[in-house]
Amino acid sequence: MISLDETTTQQNIQDILKVFASVNKAEIKASSALSVTMLDNIPSALTRTSSYLTHPVFNSHRSETQMMRYLKYLENKDLSLNTSMISLGSCTMKLNAATQLIPVSWPAFNSIHPLAPADQWKGYQQIIRELEQWLSNITGFAATSLQPNSGAQGEYAGLLTIRAYHADRNEAHRNIILIPISAHGTNPASAVMAGFKVVVTKCDEAGNIDVEDLKAHAEKHKDQLAGLMVTYPSTHGVFEESIKEICDLIHANGGLVYMDGANMNAQVGLTSPGNIGADVCHLNLHKTFAIPHGGGGPGMGPICVNDKLAPYLPGHVALKNSTKAIHAVSAAPYGSASILLISYAYIKMLGAQGMKRSTEIAILNANYMKARLHKDFKILYAGKNGTCAHEFIVDLRPFKQTAGIEAEDVAKRLMDYNFHAPTLSFPVAGTIMIEPTESEDKAELDRFCDALLQIRKEIAQIEAGQSDKSDNPLKNAPHTQQEIAASDWSHPYSRQEAVFPLDYVAHQKFWPSVNRVNNTYGDRNLVCTCEPVSSYADA
Ligand SMILES: *Cc1c(COP(=O)(O)O)cnc(C)c1O
């Protein structure tokens, strides 16, 4: 197998032709070499005549120095992990250690074609086998497929194995998937893509699955029940106490349980989807297992299954497949294989004890922050003993009434404090969800809490009428360098309050490059839709 890409030169192709020619003892005709390299075998109707990449950015940076400065200029606009913690709940923004990342740059791993003959990538095979084994152990399951490229693709693949399982038992009519209202939007979307009908079930006041409602639905649909999709700990950041009961209930009514593994950072080493009673889960290796994410990928969303579903894991033309395998879900047999090295290194270097410790610290960090914040903010959900899992939701909805302040204002204001906003309005509109992960030390957790507590004071000033309702640091956030340096400053609060609200900020100030750009523009000029889970209710 020969793989060519944009770095291949005409000379490379001539050399390849020479090798084949010498083996066959043949001459290379000058014309045949040329026709390959000049691409004159492409029909003229398909060749480009228009100009392309005409924006100045594509031809302005012509030396390495210029290019470096351009990239640094872009980087400076980005409030990223190299400034402060990114506490995006449900996204597990943890350290992506250099040691884990470096192997991805090695040609031995990044220059091999995904469909190369098996004897050319034996090292990769060893890594893939070991990683499959580890992920099976971690999830308490029998087998793993490293094919899906994202969590959502894992959901799709996992649901297809459930479909295949039922069909194989002459129960192809089982086509209903129950999904609690608190689920991530990808859950119902994947279920519909996999050909199922979605039935949405309720949550109670505390954010837990309403077991009575679930039971009623499971029993009502027991002849058509294919399964349940459930996130554990829940998207509300709580270890759902009835999880085992819930899994039993689904099984008793003929369904299987798909566990959304996005919250595995609260389980690894402590418990597992297999232990809880699920049948299949995906793992977001780009969340729990240290692959960097943001900016759209690439990710990896392998699925792990118990022995019931193992025969149905995705097949691929390049693999030896079980006769019952579902079709491939990705073009390549092991998805974005090169980034598996990151998760491999993460697990290998931490070891079983280290991973368990990471989970414990992640949960401890969330509970520490929750304890620091809970007197000043309403924390939306908690378990029976008042604790959360690895993340928690701060309710900002009351401030709309008392001060005209919305969750978005708090999110923007955090930038003035050098912090990226937590997850906004998921899974509950008007709230923020904070997930510190194990990567952050106490000083950083404290800075973030200090920032939120100081913002709470700013809100209190509006509530007390000491601060203007529309012209205040929250409504005008984030503040740019140009704004505070301008000769006219007309706001009732000081420039210092605007951009250096706490002492630590001055130490290494992050400057947002723009203020708010018509926020709702994107909402009013839709490109695609991502429907809320509730829209699938009774659909
Ligand atoms: C991130 C996430 C997903 C989807 O994973 P992707 O890799 O983004 O496709 C699904 N469910 C939950 C709860 C998530 O947080």
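**Note on the predicted model: surface, cysteines and internal space**

1. Ile 2, Leu 4, Val 19, Phe 20 and Val 23 together make a nonpolar patch of about 500 Å² on the surface, and the structure in which this patch appears is a predicted model. One of these residues, Val 19, belongs to helix 1, which covers residues 10-23.

2. On the cysteines, the search of the whole structure returns zero disulfides. For Cys 203 the reason is distance, because the closest cysteine sulfur, that of Cys 247, is 15 Å from the sulfur of Cys 203, which is too far for a bond. Cys 281 is likewise in no disulfide, although here the nearest cysteine sulfur, in Cys 304, is 4.6 Å away; a disulfide is counted when the two sulfur atoms are within 2.5 Å.

3. Is Cys 281 buried or exposed? Its relative accessibility is 0%, and Cys 281 therefore counts as buried, given that the term applies to residues under 20% relative accessible area.

4. Turning to enclosed space, two cavities of 30 Å³ or more are found when the whole structure is searched, and the largest cavity has a volume of about 50 Å³. Its lining is made up of Pro 180, Ser 182, Ala 183, Ile 209, Val 230, Thr 231, Ser 234, Thr 235 and Glu 240.

5. Phe 239 deserves a separate point. This residue sits in the loop that runs between strand 4 (225-231) and helix 10 (243-252), and with a relative accessibility of 26% Phe 239 counts as partly exposed, a class that lies between the limits of 20% for buried and 50% for exposed. Phe 239 and Lys 384 are 145 residues apart in sequence, yet the distance between their C-alpha atoms is 9.6 Å.

6. The largest pocket, as distinct from the largest cavity, holds about 630 Å³ of space. There are 30 residues in the lining of this pocket, and those closest to its centre are Arg 129, Glu 132, Leu 319, Lys 320 and Tyr 334. Which elements give two or more residues to this lining? They are helix 6 (122-139) and strand 1 (143-145), and the largest share, five residues, comes from helix 6.

How values were computed:
Residues are numbered from 1 along each chain as its sequence is written. This is a predicted model: local features need pLDDT of at least 70, side-chain atom pairs count only at pLDDT 80 or more; totals for chains, interfaces and linings use all residues. Side-chain values use heavy atoms; hydrogens and water are left out. Patches are made of residues with over 30% relative accessible area and no salt bridge: like charges are joined within 9 Å, nonpolar side chains (Val, Leu, Ile, Met, Phe, Trp, Tyr) within 5 Å. Accessible areas come from the Shrake-Rupley method with a 1.4 Å probe; for residues, only the protein chains shown count as cover. A salt bridge is a side-chain nitrogen of Lys or Arg within 4 Å of a carboxyl oxygen of Asp or Glu. Helices (H or I, at least four residues) and strands (E, at least two) are DSSP runs, numbered from the N terminus. Buried means under 20% relative accessible area, exposed over 50%, partly exposed in between (1.4 Å probe, protein chains only). On a 1 Å grid over the protein atoms alone, a cavity is a set of points where a 1.4 Å probe fits but cannot get out, and a pocket is an open set with protein on both sides within 12 Å along at least five of seven lines; lining residues have an atom within 4 Å of a point. Grid points are joined across faces, edges and corners, and a volume is the space filled by probe spheres set on the points.
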